[in-house]
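Biologist: Could you take one part of this fold and walk me through it slowly, saying what lies around it and how its neighbours are set against it? I would like a single connected account, with the cut-offs given wherever a step of reasoning depends on them.

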Amino acid sequence: MSRRKGLSHEEKRQKIMELFYEKKDFFQLKELEKIGPKEKGVISQAIKDVVQSLVDDGMVDTEKIGTSVYFWAFPSKAINIRKRKLDDMKSKFQEVDKKAKISVIKVEQAKVGREENVARTEALASLKELQETQNKLQLEIQKYRDSDPEVLAQIKENTQVAQAAVNRWTDNIFNIKSWCKNKFHIEEEMLNKQFNIPEELDYI
């Protein structure tokens, strides 16, 4: 019979946060090491590191009173943290959209023959940067998949807006490639190679 797979570090963090939210009380480390395994299935040896990681991330508060150190976390603070996180992500999405619009303008300029090579190079550089930003934001959203549903819904909506912006000017890059092929009779493979356009360039 196979042994049961243990909890990951992130799962342990979630379990301990659940414990704090459910109890709504103050605990010493030894108390958490006692009830953590019983109520949340987190082994006592891991409690200290897990709690410290939550303290480091600002999710759990701690205070030394006399010779004792207490830990606590309440749902109201978690809501505020998620709101701040959402505001930060909104700002990042706005920056992504701004860069996408600038890239669209450059591609449009390239269509009428104004600094075509430079415009395409800059557009491709912007594409790579935006795709990397998009990937990071998607990972960030995945990290908060167990957070408030309304917050996640807003994040998902913003992701779709950013994705549409990226796809919009990716389409313009395809259009300018087609324009160059027809105007200068250049094979697509040669065009990609000459201007460092990735063959795997596609919509996301």
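**Helix H3 and its surroundings**

Modeller: In this predicted model, Ser 68, once its neighbours within four places in sequence are left aside, is in contact with Gln 28 and Glu 63. Ser 68 belongs to strand S3, and its relative accessibility of 18% places it among the buried residues, because buried is taken as under 20%. I start from this strand since S3, residues 68–72, is among the elements that cover the buried residues of H3; the cover also includes helix H1 (9–23), helix H2 (29–40) and strand S2 (61–65).

The part I have chosen is therefore H3 itself, which runs over residues 44–56. Its 13 residues, at 1.5 Å a residue, should span 18 Å, and the C-alpha atoms at its two ends lie 19 Å apart, so the expected and modelled lengths agree. The residues that H3 buries are Ala 46, Ile 47, Val 50, Val 51, Ser 53, Leu 54 and Val 55. After the helix comes Gly 58, with a positive phi near 75 degrees.

How is H3 set against the helices beside it? Two packed helices are described by the angle between their axes and the distance between those axes. For H1 and H3 the angle is about 80 degrees and the axes are 10 Å apart; since angles from 65 to 115 degrees count as roughly perpendicular, that is how this pair is classed. On the H1 side the contact is made by His 9, Lys 12, Arg 13, Ile 16 and Met 17, and on the H3 side by Ala 46, Ile 47, Val 50, Val 51, Ser 53 and Leu 54. Sorted by class, the residues of this contact are seven nonpolar, two polar and two charged.

The second partner, H2, meets H3 in another way: the axes of H2 and H3 come within 8 Å and cross at roughly 125 degrees. An angle of that size is over the 115 degrees that bounds the perpendicular class and is not over 145, so H2 and H3 are oblique to each other. The crossing of H2 past H3 is right-handed. H2 contributes Leu 29, Leu 32, Glu 33, Gly 36 and Pro 37 to the contact, while H3 contributes Ser 44, Ile 47, Lys 48 and Val 51. Five of these residues are nonpolar, two are polar and two are charged. Ile 47 and Val 51 thus appear in the contact with H1 and again in the contact with H2, and both are listed among the buried residues of H3.

H1 and H2 also pack against each other, with axes that come within 10 Å and cross at roughly 100 degrees, an angle that makes this pair roughly perpendicular. Here Lys 15, Glu 18, Leu 19, Phe 20, Glu 22 and Lys 23 of H1 meet Leu 32, Ile 35, Gly 36, Glu 39 and Lys 40 of H2. This contact divides into four nonpolar, one polar and six charged residues. Leu 32 and Gly 36 of H2 take part here as well as in the contact with H3.

Two further residues fill in the picture around H1. Tyr 21 has its place in that helix and counts as partly exposed at 23% relative accessibility; although Tyr 21 and Ala 73 are separated by 52 residues in sequence, their C-alpha atoms are 6.6 Å apart. Lys 24 lies in the loop between H1 and strand S1 (27–28), where its phi is positive, about 50 degrees, although it is not a glycine. With a relative accessible area of 52%, Lys 24 is exposed, because the limit for that class is over 50%.

Set in the whole chain, this part belongs to a fold of seven helices and three strands, following the order α-β-α-α-β-β-α-α-α-α along the sequence. Of the 204 residues in the chain, 36% are buried. Among the contacts with a separation of 6 or more, 67% join residues 24 or more positions apart.

Notes
Residues numbered from 1 in each chain as written. Predicted model: local features only at pLDDT ≥ 70, side-chain atom pairs only at ≥ 80, totals over all residues. Heavy atoms only, no water. Helix = DSSP H or I, 4+ residues; strand = E, 2+ residues; numbered from the N terminus. Expected span 1.5 Å × (residues − 1). Buried < 20%, exposed > 50% of the residue type's maximum accessible area, 1.4 Å probe, protein only. Contact = heavy atoms within 4.5 Å. Axes fitted to C-alpha atoms, helices over the stretch in contact; angles between N-to-C directions. Parallel < 35°, antiparallel > 145°, perpendicular 65-115°, else oblique. Nonpolar A, V, L, I, M, F, W, Y, C, P; charged D, E, K, R; others polar. Left-handed = near helix turned anticlockwise from the far one by under 90°.
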